[in-house]
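Grab a pencil and work through the exercises below. Try each task on your own before you read its solution.

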Amino acid sequence: MKKNNNAQRIGQLSAIAAMMLAGSVHAADAFSSDSEWMTGDWGGERTKLIEQGIDIKMDYVGEVGGNLHGGYNDDKTARYADQFGLGVALDLQKLWGWDNTQAKIQFTNRNGYNISNDRVGDPRAGTLSSSQEVYGRGHMVRLTQLWIKHQFFDNKLDIKAGYFGEGEDFNTFPCEFQNLAFCGSQVGNWATNIWYNWPVSQAAIRVKYNINDELYAQIGAYNQNPSQLEHGNGFKLSGSGTKGTVLPVELVWLPNPNSLPGEYRVGYYKSTADANDVREDVNGFDAATTGDAYRTHSSKHGYWFVAQQQLTSHNGDKNRGLSIAANATFHDKDTNFIDNYQSVMFVYKGPFDARPKDDVGIGAARIHVNNDVKKNAELLNVTNGVSNYDDATFSPIRETEYNYEINYGFHVTNWLTVRPNLQYITHPGGVDEVDNALVAGLKIQSTF
């Protein structure tokens, strides 16, 4: 049944892509290649709404992943996952005369399956990253953003409050790749069970102070409520189920050397919720051996570094050229499954004069499992009397997973990008016994 559903999904994705590609050929306003929206300007009404302070947002991301070689299960197939987004950004100064005030409402709907779950990774261990980053957080509609923001003191102080995720403002990073290790806020991928990335929202407040034109500092407080991850709780606004608060703080530098933009972020987070130790029991011994409950810590923490810098322009065109980006996160070794992660990416925009808006990217990432997690699994296997990896009760030993991706983004129109890619995953899930995997991907991004 799943294979049939996947085939239908892939067929739907192909039909959408074909329709968009075909539409871009015609001069009709709704499919004009120069328009930033597939549905066009609605006879000028869309621009009028924006001038009045109402900017309607509609977008789509679809991703296919197919296992070409290796992985835990080399039975070749393809998986499809997607996300539809619908929202509105409001300029409340234009609408109601509220100076320097903006608001946003955003809904998302995710569907589909992920090739990483049962082909690339051992289902007992999974993978650390994902070959389809858009997959996750349930097949459901979610309220992803509901916030209001106001600037004070000539825009020096910026306060945002409502429901949103940490990755919107802290440890932010673009998503020009399909593999999760190169896409979006990386702290949320590795800070286990506390930092919820898009599309999950949390009750939150963020305060930012602009020190000067190139430097700002910010601090936030986010409700840590695991029940918001549950299916059917996509619109939950109550605080029931709250475990604590996530407190991120960050310093951001925005240099512009040789008129080429850069962005550098360094930050720290702390969760005030109780967190279980990954190895020790309540008495400080190995819980896997004693069978006693794991020790509880009163908090968990970590820090991060992000760097993005455009290095060159192309014949004087600053919209084209080579950029480099790097990410690193480090996490509490007592409580966190992943203790550190690093990645580096290169993107060249406008590689060919005939295709000045295309881009080509290549990236490499390392994800390291906490050594205490590895030791805990080894002790569990000894305690359970299993040593054979093929035994269903064996706990796989996880160490380090490496992810690589190369992609090419075809800028078909201003509202459509099609990005074929190849991914190579070494030691999926950090498990040495799992064969390295080669995955073919296709990512479609469109703005309606």
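**Exercise 1.** Are Lys160 and Asp169 buried or exposed?

*Solution.* Before starting, note that this is a predicted model, where local features need pLDDT of at least 70, side-chain atom pairs count only at pLDDT 80 or more, and totals for chains, interfaces and linings use all residues. Residues are numbered from 1 along each chain as its sequence is written, and side-chain values use heavy atoms, with hydrogens and water left out.

Step 1: get the cut-offs. Buried means under 20% relative accessible area, exposed means over 50%, and partly exposed is in between (1.4 Å probe, protein chains only).

Step 2: apply them. Both Lys160 and Asp169 turn out to be buried.

Step 3: look at how the two meet. Their side chains form a salt bridge, 2.9 Å from N to O; the term stands for a side-chain nitrogen of Lys or Arg within 4 Å of a carboxyl oxygen of Asp or Glu.

**Exercise 2.** Which parts of the chain does the salt bridge between Lys349 and Glu176 tie together?

*Solution.* Step 1: check the pair. Here the N to O distance is 3.5 Å.

Step 2: place both partners, using helices (H or I, at least four residues) and strands (E, at least two), which are DSSP runs numbered from the N terminus. Lys349 sits in strand E14, while Glu176 is in the loop between strand E5 (157-164) and H5, so the bridge links parts 173 residues apart in sequence.

Step 3: add the accessibility. Lys349 is partly exposed at 36%, and Glu176 is partly exposed too, at 25%.

Step 4: widen the view. Through shared partners, salt bridges join Asp158, Lys160, Glu168, Asp169 and Arg206 into one network. The whole structure has 22 salt bridges.

**Exercise 3.** How many residues does the largest nonpolar core have, and which have the most contacts inside it?

*Solution.* Step 1: know the term. A nonpolar core is a set of buried Ala, Val, Leu, Ile, Met, Phe, Trp, Tyr and Cys residues joined through side-chain atoms within 4.5 Å.

Step 2: read off the result. The largest one has 29 residues, and Trp195, Tyr269, Trp304 and Ile367 have the most contacts inside it.

Step 3: find the elements. Helix H5 (187-190) and strands E12 (300-310), E14 (338-349) and E15 (359-369) each give two or more residues to this core. The largest share, four residues, comes from E14.

Step 4: look for another core. Apart from this one lies a core of nine residues, including Met38 and Trp415.
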